[in-house]
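Thanks for passing this one along. Here are my notes, point by point, to read beside the structure.

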Amino acid sequence: MTETQDLEQNPVVHKLREWDAQAVAEASVFRGELTVVVPRGRLRHAAEFLQGDPELQFTLLSDITAADRFPLEPRFELNYHMLSLGRRERLRVKVRVAGIDPVVESVTSVWPTANWHEREIFDLFGVRFEGHPDLRRIMMPEDWEGHPLRKDYPTEGFR
Amino acid sequence: MPTTVSTATGATETMVLNMGPQHPSTHGVLRVVLELDGETVVKAQPEIGYLHTGIEKSCEAKTYSQAITLTDRLDYLAPLSNNLCYCLAVEKLLGLEVPKRAQYIRVLLTELTRIGSHLVWLGTHAIDLGAMSVFLYCFREREEILKILEMVSGQRMMTSYFRIGGLALEPPAGWLEPVERFAAMFPGRIQEYEELLTRNRIWLARTVGVGTISAADAIAMGVTGPTLRATGVAYDVRKLFPYSSYDEFDFEVPTRTDSDCYARYLLRLEEMRQSLKIIRQAMAKIPPEGPIRTDAPGIVPPQREKMKTEMEALIYHFKIFTEGFSPPPGEVYQAIESPRGELGFYVVSDGSPKPARVKVRAPSFINLQALPKLVEGRLIADVVACIGTIDIVLGEVDR
């Protein structure tokens, strides 16, 4: 699924690697969209760098989503879609999380907009965010059992 | 929890007030928990989820083509924007190119939808603030738009007219005439709204200086659309990342710097004028004849004539409508400028005929999150003005 180009030449990948050699685990381009896989432990650090770097300026976090790859492991993929208005560029940062006790660092301190996105992922996928100021369900009722967007949750719900 | 507030006359307690979920001015079922000190809002906390229908989950149980009908129901005031964004995302996944004629028709209809959506916003926003007649005027014009949509797609609201690879069907002969009539009539109608509101003293008192947000705050909160542009940031997906041939159209992205409710009102009026400009250009551009669907056997349904006469076309038709088609494994994020801001679809394919994941980046959901920034420290009456002015659709917020 990768149309690997000369990704070392890509300024975003290059800058990230230059800043921290371990920050980029993988990089790929599919249909013209750049995806950078960041190790789970370095997510918030990388987010701070991408947001604050005067050249990159990924100041607008468009979206955070999760995808469940059940029964594959690592089960969850978190995708951070960010946008640099100055560079006219989008970037997808991907973090892979294991299925048992999934937990990631919160990026609410970097982009306040992440608050509701992370609550939604917590609610619908059951991924916890460390350091989130107000981590509770957002779509489902508070006493709901299970996480509806997981693949082992039936579309019609449990009956 | 109520907190103690000290004032000049001594210590008082704040009061917690539930606004909604049933409240006419919350445009759906939104609940805002307000902590009040007298009439002043100390803290506002939007609570959502009352309209959660699990559309993203349902998409995973449908084929790529079937899921289009679900996208109508997200932002029900601009169904064609949702159709367009979803179709563009799947087309990107497949690597499909849509014929120019279909692209221009898509542009024309989505711009009409934008006007229609802004009209509902203006009407309901005005009625929230006590101006009854504007509502009736706006819905009069919106009716004309809905008639055009019905004529083209057979549906007033849940159109599902854009399909993967093009359009559902050829628009009827002479369909541009009512569009032309609308384009000729509408500038005068915008003038009417302006006469009713722009210098109306009550309107000014309710909107000027109300609900301001700084550009830096708006970007940090992920706010897009008119609310962001009213802070002076000229971010419009149509300009920054053109799709569906928007780069061939000549239009401006209006911005303002006051970032209050009044600025957003003026901005949306200007956006309607710009949409009209695009519609006029599209009318001139659309060739009278030509394909409306791309030629991709096995993905795009064959023409009815062919399906009835050719064996191969019949087989493709049968396969598309029973099994569907399987895009290559991969993931795409496609954004468009909906009337409310950046609407995005993130679609993941695992190589099967059903999407593995469909995520909607709903602009209303994200813009609503910034509501506390607009209302905290202001009067309770301003909350109504602010909810109206960020223009949320709860169908999209809760999905």
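**Notes on chain B**

1. Let me start with a pair of strands: β4(B) and β5(B) are joined by seven bridges in the antiparallel sense. One of the facing pairs puts B:E35 opposite B:K43 in β5(B). The two strands make a hairpin with two residues between them, and B:G38 in that turn has a positive phi of about 65°. Please keep in mind throughout that this is a predicted model.

2. On its other pairing, β4 (residues 31-37) of chain B runs antiparallel to β3(B), with five bridges between them. Here B:V16 has B:E35 as its bridge partner in β4(B), and B:M15 stands opposite B:L36 in β4(B). B:E35 is thus a useful residue to click on, as B:V16 is its bridge partner and B:K43 in β5(B) stands opposite B:E35.

3. Put together, the three strands give an open antiparallel sheet in chain B, in the order β3-β4-β5. Which strands stand at the edges? They are β3 (15-19) and β5 (40-47) of chain B, and each has a single partner strand, so one side of each is left without a neighbour in the sheet. On average, neighbouring strands of this sheet are turned by 20° against each other, direction ignored. As general background, the strands of a sheet pair through backbone hydrogen bonds.

4. The sheet also has a helix across it: α16 (residues 380-390) of chain B lies across β3, β4 and β5 of chain B. The helix runs at about 150° to β4(B).

5. Next, a helix pair. The axes of α3 (residues 79-94) and α4 (residues 100-128) of chain B come within 8 Å and cross at roughly 140°. That angle makes α3(B) oblique to α4(B); the cut-off for roughly antiparallel is over 145 degrees. From α3(B), the residues B:L80, B:S81 and B:L84 meet B:R106, B:L109, B:T110 and B:T113 in α4(B). By class, this contact has three nonpolar, three polar and one charged residue.

6. A small point on a loop residue: B:Q303 sits in the loop between α11 (261-285) and α12 (304-309) of chain B. Is B:Q303 buried or partly exposed? With 17 other C-beta atoms within 10 Å, B:Q303 is partly exposed, because a residue counts as buried with 20 or more and as exposed with 12 or fewer. Its C-alpha atom is separated by 8.2 Å from that of B:A313, ten residues apart along the chain.

7. Now the view of the whole chain. Chain B holds 17 helices and ten strands. Its C-alpha trace spans about 85 × 45 × 35 Å along the principal axes. The radius of gyration is 22 Å, which agrees with the value near 21 Å for a compact globule of 399 residues. Of those 399 residues, 51% count as buried. Among contacts between residues at least 6 apart in sequence, 68% join residues at least 24 apart.

8. Finally, the interface. How many residues of chain B are in contact with chain A? There are 32, and they meet 27 residues of chain A. The elements of chain B that each supply at least two residues of this side include α1 (55-60), α8 (215-220), β8 (330-338), β9 (341-349), β10 (357-361) and α14 (363-369). By class, the side of chain B that touches chain A has 15 nonpolar, eight polar and nine charged residues.

Conventions. Residues numbered from 1 in each chain as written. Chains lettered and ligands numbered in written order. Predicted model: local features only at pLDDT ≥ 70, side-chain atom pairs only at ≥ 80, totals over all residues. Pairing = 2+ DSSP bridges. Helix = DSSP H or I, 4+ residues; strand = E, 2+ residues; numbered from the N terminus. Axes fitted to C-alpha atoms, helices over the stretch in contact; angles between N-to-C directions. Contact = placed C-beta atoms within 7 Å. Nonpolar A, V, L, I, M, F, W, Y, C, P; charged D, E, K, R; others polar. Rg over C-alpha atoms; globule rule 2.2 N^0.38 Å. Parallel < 35°, antiparallel > 145°, perpendicular 65-115°, else oblique.
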